[in-house]
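Grab a pencil and open the viewer. Below is a small set of exercises, each with a worked solution.

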Amino acid sequence: MDGNLRLNHFFVKYFEAIRTLVAVLIGFGVSLLFIYFISDEPVKAISTYMFKPFDGIRRIGSMVEYMIPIMFCGLGMCMMMSVGQFNLIGDGANFLAASAVAYISTCLIPNCPPILFPVILIIAGAVIGGGCGVIPAYLQSKFKTNIVVVSLMANYILILGGVYMLLYWMRDPSKTYVGSYAIPEAAKLTNIIPKTKVSTGIILAFLATIAVFWFLYRTKPGYQMRLIGKNAAFAKYSGINVVKYAIIAQVIGGALAGMGGAIDTLGKYDRFIWLASNGYGFDGMMIAVIAKGNPAYIPAAALFLAYIRIGADIVGQTTDVPLDFVLVVQSIIVMLVAAVSFMSGFRQKSVVKIANAEKAGV
Amino acid sequence: MDEPILLMQNITKVYSNGFTANSNVTLSCQKGEIHALLGENGAGKTTLMKMLFGFEEPTEGKIFIKGKEVKFKGALDAIEHGVGMVHQHFMLVDRLTIAENVVLGSEPIRMGLFDKAGAIKKTKELADKYQFNIDPTAIVSEVTVATKQKIEILKALLHGAEILVLDEPTAVLTPQETRELFVQLNLLKEAGHTIIFISHKLNEIKELCDSFTILRKGRVIGTGLVPDYTPHMMSAMMVGRDVLLEITKEDAVQRETVASVDHLSYFDVTGLPVIDDISFSVQKGSILGIAGVEGNGQNELSEILTGLRNFSNGEIKLNGKSIKGLSVRQLRDSGVASISEDRMTYGCAPSASIAENLMSDRFFKPKYSRKVSLKRKDIEKVVNQYIKDFDISCTGPNEKVGDLSGGNIQKVIVAREFTSGASFIVANQPTRGIDVGATEFIRKKLIDLTRTGEVGALLISADLNEVMEVSDSLVVMHKGAICAYFEKAKDVSEDELGEYMLGIKTMTPEEIGLARKGAI
């Protein structure tokens with residue numbers, strides 16, 4: 001009985017974490033069912049999906065490579081969520097910054113000393129991303145536009161802007177495929193794991209995670225931003241400049257997404273080749289939702305998403321299951337994590353048990 | 001005894017935050033009686049009634065109506081079984097007429113269309129039957145609060161309510177309106193209706209009710225017939241100790257003016273004056289009370305004084321300096337603190353911790369932060385001290401404010417505002433809806449703070465007891481204007497105050513003008 005009660009206390013205390021975990025497991029379980037029903041060789045497909053991502057340094061490398069940009073975009077989304085704004089500009093910011101960084105390095109300043117070169121480019125990516133972040137934030141505070149609608153629509157403009165740069169400003173005509181001129185070696189980030197494309201970007205991503213966590217939870221501006229997110233009316237009444245800090249948070253959010261775009265381009269590719277969004281911004285949104293907006297959980301959420309993505313990739317290449325099934329998994333997880341009442345019945349039962357026990361004890 | 005018309009048996013309700021609002025509560029009412037449901041705020045009265053009206057489901061226990069067990073899935077079920085509810089906050093369509101509101105949900109139809117004449121006739125008949133003096137064609141937004149309450153009662157009666165629940169109906173009424181309501185409730189009783197009357201005003205219970213049930217901390221403490229008990233006995237049962245009903249305080253000491261308001265006006269978007277040319281001043285060492293029925297410009301006034309709203313005409317000076325155009329931060333820096341009337345919207349961030357809530361107006365001060373980062377250890381030390389000083393019952397500085405009880409949430413807010421070093425405190429409804437213990441504590445703190453001689457306070461309250469007991473001097477607001485000023489709040493009678501609040505009486509401009517000079 002006593003142990004049972006302790007279990008109830010534990011359940012109530014860590015409810016949010018348990019709930020997220022259950023949502024993830026259900027999503028994962030459903031994806032297994034999915035494979036089971038559509039595949040002619042379900043056992044092979046499932047084992048491919050579950051274990052192949054860890055099979056060999058190359059595949060582990062792909063997961064880590066994938067984590068880099070989505071961690072930055074996820075951290076950016078955490079900044080947006082800290083002030084209570086669902087600003088989805090991250091995707092466009094990430095893409096435009098990636099494209100712009102490629103353009104700057106191939107056409108504008110191709111002869112820059114190493115070390116300094118990537119630093120300048122990453123800063124440029126941050127500035128461009130920050131500029132993107134301000135658009136929906138400013139329109140909302142000035143004209144009371146809906147931030148979700150504006151940011152989603154603005155994404156099209158930003159992404160097509162990036163594609164335009166590729167097609168008309170930096171396309172290498174000597175190539176049969178569409179691609180930019182080659183990015184100078186001096187601009188690239190150093191590779192840290194041989195046989196993979198994992199660059200120093202992953203270190204930067206973890207540093208950024210620590211920095212964003214510190215900023216939000218330990219500094220004055222971060223405190224003000226979180227207070228705005230929790231209750232903007234109260235923040236205003238306490239004397240906090242709500243408009244200013246909400247916009248700053250979203251500029252930082254855009255800047256992080258932009259840095260992600262720059263670092264991905266400089267760490268992984270020889271040329272800029274994207275003709276459509278790579279979706280990192282929305283992946284970032286997804287992991288930020290799974291992490292409940294807390295930067296500390298971003299690496300774990302990013303690892304999980306990278307795992308199911310790479311798993312799905314391998315399944316799509318080596319078995320008869322199309323890789324799109326992974327979208328089902330993602331949708332279920334995000335829906336369950338975002339669903340406020342999911343599992344609240346279980347929590348209620350535990351709460352009642354604890355309350356009754358306390359009453360009996362008094 | 002006959003079978004009760006309503007029996008709520010062994011009801012237990014546990015909310016999702018673990019709070020047990022009702023614990024093994026049994027409530028039984030006879031047909032044709034007025035039954036008082038008594039208890040402090042937070043004792044579980046409203047929760048119990050929510051279950052009776054189908055808004056909440058009991059965790060355990062059964063409800064019987066006329067001996068038959070019922071299970072309500074929603075308000076419609078409850079209405080079908082003859083339960084009618086008059087909420088504290090009226091649920092009316094402001095832009096429709098009284099008749100249209102009364103028949104809402106059971107509209108008379110003629111040839112497939114809404115029968116307006118029929119609705120008016122129906123309303124008129126019903127109103128006449130119980131001597132409700134109303135005009136069915138009046139628009140709801142233009143009638144008084146008392147009339148709105150009558151509309152709610154008529155609506156419930158039209159839906160066939162036999163058991164009528166009134167949730168603190170007199171809280172929004174003046175003494176005169178209360179008396180009129182009692183006459184009508186007695187008529188309803190004679191007509192065979194059963195009334196559950198929720199209140200914590202003992203004199204009203206004594207005057208109106210036949211029997212009572214007292215709740216305390218979610219449990220039934222006692223039940224009986226009203227004539228068998230004195231108000232004092234009931235009061236002791238409600239709070240479990242003798243409440244200090246009268247606050248003892250020293251007289252205010254006359255000091256310099258901390259805040260002065262001169263010919264202040266504020267017009268809303270439609271150009272109507274919400275605050276209409278008011279002048280008063282507040283001295284350090286004293287409390288000026290603002291009495292008035294809610295919605296007569298008090299909230300706008302408090303928002304203007306705290307920088308959340310701009311004013312149209314006039315002048316406000318704080319320590320001799322005009323506050324026109326100052327931001328909230330600048331105002332706070334120049335010595336204003338405020339307790340908002342809307343606790344959960346402006347007073348705190350429920351999902352933030354106690355520490356985060358306590359620091360919201362001062363985190364930037366050198367004591368709590370360096371150039372960029374917060375001094376977490378120092379903050380925690382101060383917060384723990386506040387928790388102790390203000391007797392906030394919680395698990396620690398990191399507990400979420402939203403998980404505390406109403407009284408403790410208000411204590412967090414009061415702890416912040418009273419320790420901000422302000423010289424002028426605007427307290428808007430500081431004790432509304434919180435338990436007696438916390439109420440007493442907060443009132444006493446406010447008095448103590450002003451008696452240091454460094455702080456002047458403006459106390460806005462719809463609770464007559466509060467403004468009369470706590471304030472040193474008093475103004476009454478009606479329709480945005482000041483209609484009365486009393487130099488000594490203690491010398492005013494409740495009835496007199498009621499007449500000014502209703503706008504029946506108004507003082508001469510000379511008498512009101514004394515408010516500008518301030519107390520004594």
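The exercises go from helix packing to chain and domain contacts, and then to single residues; keep in mind that this is a predicted model.

**Exercise 1. Classify the crossing of α4(A) and α12(A), and find the residues that make the contact.**

Step 1: locate the helices. In chain A, α4 covers residues 57–82 and α12 covers residues 280–290.

Step 2: look at the geometry. The two axes come within 7 Å, and they cross at roughly 60 degrees. Angles of 65 to 115 count as roughly perpendicular and those under 35 as roughly parallel, so α4(A) is oblique to α12(A).

Step 3: get the handedness. The crossing of α4(A) past α12(A) is right-handed.

Step 4: list who touches whom. From α4(A) come P69(A), I70(A), C73(A), G74(A), G76(A), M77(A), C78(A) and M81(A). The α12(A) side brings Y280(A), G281(A), D283(A), G284(A), M285(A), I287(A) and A288(A).

Step 5: sort by class. You should end up with 10 nonpolar, four polar and one charged residues in this contact.

**Exercise 2. Now do the job again for α12(A) and α13(A).**

Step 1: α13 of chain A spans residues 298–318. Its axis and that of α12(A) come within 9 Å and cross at roughly 125 degrees.

Step 2: name the arrangement. Roughly perpendicular stops at 115 and roughly antiparallel needs over 145, so α12(A) is oblique to α13(A). Here too, α12(A) passes α13(A) in a right-handed crossing.

Step 3: pick out the contact. On α12(A) you'll find D283(A), M286(A), I287(A) and I290(A), and on α13(A) there are I298(A), A301(A), A302(A) and L305(A).

Step 4: sort by class. The tally is seven nonpolar, no polar and one charged.

Step 5: cross-check with the α4(A) contact. D283(A) and I287(A) turn up in the contact with α4(A), and both are also listed in the contact with α13(A).

**Exercise 3. Describe the side of chain B that touches chain A.**

Step 1: count residues. Chain B puts in 27 residues and chain A 21.

Step 2: ask which elements supply them. In chain B, β2 (20–29), α10 (328–333) and α11 (343–347) each give at least two residues to this side.

Step 3: break down the chemistry. On chain B's side there are 11 nonpolar, 12 polar and four charged residues.

Step 4: zoom in on one residue of chain A. K236(A) sits in helix α10 (residues 232–237) of chain A. Setting aside neighbours within four places in sequence, K236(A) contacts V242(A) and V328(B).

Step 5: is K236(A) buried or exposed? Buried needs 20 or more other C-beta atoms within 10 Å; K236(A) has 20, so it counts as buried.

**Exercise 4. How is chain B divided into domains, and what does the contact between domain 2 and domain 3 take?**

Step 1: map the domains. Domain 1 is 6–239, domain 2 is 247–335 + 423–435 + 450–520, and domain 3 is 343–420.

Step 2: gauge the separation. The C-alpha centres of domains 2 and 3 of chain B are 27 Å apart.

Step 3: describe the contact. Five residues come from domain 2 and six residues from domain 3. The domain 2 side splits into two nonpolar, one polar and two charged.

**Exercise 5. Compare the surroundings of N10(B) and Q429(B), two non-glycine residues with positive phi.**

Step 1: recall the background. Most residues other than glycine have a negative phi.

Step 2: read the angles. Phi is about 50 degrees for N10(B) and near 50 degrees for Q429(B).

Step 3: place them. N10(B) belongs to strand β1 (residues 6–14) of chain B, whereas Q429(B) is in the loop between β19 (424–428) and α15 (436–451).

Step 4: check burial. N10(B) is partly exposed, because 13 other C-beta atoms lie within 10 Å; Q429(B) has 22, so it is buried.

**Exercise 6. Where is E80(B), and how far is E80(B) from H159(B)?**

Step 1: E80(B) lies in helix α2 (residues 75–80) of chain B.

Step 2: with 13 C-beta neighbours inside 10 Å, E80(B) counts as partly exposed.

Step 3: E80(B) and H159(B) are 79 residues apart in sequence, and their C-alpha atoms are 8.0 Å apart in space.

Methods. Residues are numbered from 1 along each chain as its sequence is written. Chains are lettered from A and ligands numbered from 1 in the order in which they are written. This is a predicted model: local features need pLDDT of at least 70, side-chain atom pairs count only at pLDDT 80 or more; totals for chains, interfaces and linings use all residues. Axes are lines fitted to C-alpha atoms, for helices over the stretch in contact, and angles run from 0 to 180 degrees between N-to-C directions. Helices (H or I, at least four residues) and strands (E, at least two) are DSSP runs, numbered from the N terminus. A crossing is left-handed if the near helix is turned anticlockwise from the far one by less than a right angle, and right-handed if clockwise. Two residues are in contact if their C-beta atoms, placed from the backbone, lie within 7 Å. Ala, Val, Leu, Ile, Met, Phe, Trp, Tyr, Cys and Pro count as nonpolar, Asp, Glu, Lys and Arg as charged, and the others, Gly among them, as polar. Domain bounds come from an automatic or database domain assignment. A residue is buried if 20 or more other C-beta atoms lie within 10 Å of its own, exposed if 12 or fewer, and partly exposed in between; C-beta atoms are placed from the backbone.
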